[in-house]
Amino acid sequence: MKLYFLLLLSISLSCTLAHAEEKLSKEKRADIQKLMTLTGSAGIGKRISDAMIVRLTQLLKSKEPKITNKALQVMQKVVRASVDEYMQGEEGFMNVFINLYHKHFTHEDIKGLIKFNETELGKKSVQTMPLLARDSYDAEKNWSLKVIPVIEKRLSKELKKEGVDLDKK
């Protein structure tokens, strides 16, 4: 029985390691890129650039209230070019994403996800997931604000029994 278990464990680990070490084929890479386009992941560079531009515009305007529109356009151009440059290439963010998909999904999984994301439900999920993520974040934050005081009160009470007074100033 013990030998049987060790044999199964050995086979299982071999299969897991074989998938982890599987070379990324051109076909799988292309399908991952297609999936990323369907899900909007391929547009992350623009979203990053846009967010940086908003923050930098606010920062520059607060530091230099008389900053010209031309200077702001230069900033936007530099940000977009820099982000675009660092999104591509071997060490680029897109390649990191592609390798993560490769690590966690087989080529058949990717093909199935493409099929799903081409359906009406798949398209709806792509549109809805960012809203769900935002709402989930807000719900988690609100819930945490309720539970943290309870934890603090209980922790303070229990630690006092151990000689630790968190209420001391």
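Guide: Buried means under 20% relative accessible area, and exposed means over 50%. Keep that cut-off in mind. The model here is predicted.

Visitor: Why is T57 called buried?

Guide: T57 has a relative accessible area of 16%. The limit for buried is under 20%. The value of 16% falls under it, so T57 is buried.

Visitor: Where is T57 found, and what is T57 in contact with?

Guide: T57 is found in helix α3. Leaving aside neighbours within four places in sequence, T57 is in contact with L72 and M75. The C-alpha atoms of T57 and Q73 are separated by 9.8 Å, with the two positions 16 residues apart along the chain counted as their separation.

Visitor: What makes D167 partly exposed?

Guide: D167 has 48% relative accessibility. Partly exposed lies between the two limits, under 20% and over 50%. The value of 48% sits in between, so D167 counts as partly exposed.

Visitor: Where does D167 lie, and which residues is D167 in contact with?

Guide: D167 lies in the segment after α7. Neighbours within four places aside, D167 is in contact with S156 and K160. K157 is 10 residues from D167 along the chain, and their C-alpha atoms are separated by 9.8 Å.

Visitor: How do you know that I114 is buried?

Guide: I114 has a relative accessible area of 7%. Buried asks for under 20%. The value of 7% meets that, so I114 is buried. I114 lies in helix α6. Beyond four places in sequence, I114 is in contact with D31, K34, L35 and L38. I114 and T39 are 75 residues apart in sequence, yet 9.0 Å apart in space, C-alpha to C-alpha.

Visitor: Is S41 buried or exposed?

Guide: S41 is at 13% relative accessibility. That is under 20%, so S41 counts as buried. S41 is found in the loop between α2 and α3. S41 touches M36, R47, M94 and Y101, not counting residues up to four places away in sequence.

Visitor: Which residues is M36 in contact with?

Guide: M36 is in contact with S41, A42, M94, F97, I98 and Y101, leaving aside neighbours within four places in sequence.

Visitor: How many residues does the largest nonpolar core have, and which have the most contacts inside it?

Guide: The largest nonpolar core has 16 residues. I32, M36, Y101 and I110 have the most contacts inside this core. At least two residues of the core come from each of α2 (26–39), α3 (44–63), α4 (69–87), α5 and α6 (107–117). Helix α4 gives the most, with 5 residues. In soluble globular proteins, nonpolar side chains tend to be buried together.

Visitor: How many aromatic pairs are there?

Guide: The count comes to 2 aromatic pairs. F93 and F97 are one pair, with ring centres 5.0 Å apart and planes at 65 degrees.

Visitor: What makes F93 and F97 a pair, and why is the pair called edge-to-face?

Guide: Rings pair if their centres lie within 6.5 Å. The centres of F93 and F97 are 5.0 Å apart, so the rings pair. Planes over 60 degrees apart count as edge-to-face. The planes here are at 65 degrees, so the pair is edge-to-face. F93 and F97 both lie in helix α5 (residues 93–104), 4 residues apart, about one turn of the helix.

Visitor: Is F93 buried, exposed or partly exposed?

Guide: F93 has a relative accessible area of 33%. That value falls between the limits of 20% and 50%, so F93 is partly exposed.

Visitor: Which residues line the largest pocket?

Guide: T39, G40, S41, R47, N117, S125, V126, Q127, M129 and P130 line it. The lining divides into 3 nonpolar, 6 polar and 1 charged. Helix α7 (residues 120–161) supplies the largest share, 5 residues. About 200 Å³ of space lies in the pocket.

Visitor: How many helices and strands does the protein have?

Guide: The protein has 7 helices and 0 strands. Of its 169 residues, 19% count as buried. Take the contacts with a separation of 6 or more: residues 24 or more positions apart account for 63% of them.

Terms used. Residues are numbered from 1 along each chain as its sequence is written. This is a predicted model: local features need pLDDT of at least 70, side-chain atom pairs count only at pLDDT 80 or more; totals for chains, interfaces and linings use all residues. Side-chain values use heavy atoms; hydrogens and water are left out. On a 1 Å grid over the protein atoms alone, a cavity is a set of points where a 1.4 Å probe fits but cannot get out, and a pocket is an open set with protein on both sides within 12 Å along at least five of seven lines; lining residues have an atom within 4 Å of a point. Grid points are joined across faces, edges and corners, and a volume is the space filled by probe spheres set on the points. Ala, Val, Leu, Ile, Met, Phe, Trp, Tyr, Cys and Pro count as nonpolar, Asp, Glu, Lys and Arg as charged, and the others, Gly among them, as polar. Rings of Phe, Tyr and Trp (its six-membered ring) pair if their centres lie within 6.5 Å; planes under 30 degrees apart count as stacked, over 60 as edge-to-face and the rest as tilted. Buried means under 20% relative accessible area, exposed over 50%, partly exposed in between (1.4 Å probe, protein chains only). A nonpolar core is a set of buried Ala, Val, Leu, Ile, Met, Phe, Trp, Tyr and Cys residues joined through side-chain atoms within 4.5 Å. Contact means heavy atoms within 4.5 Å.
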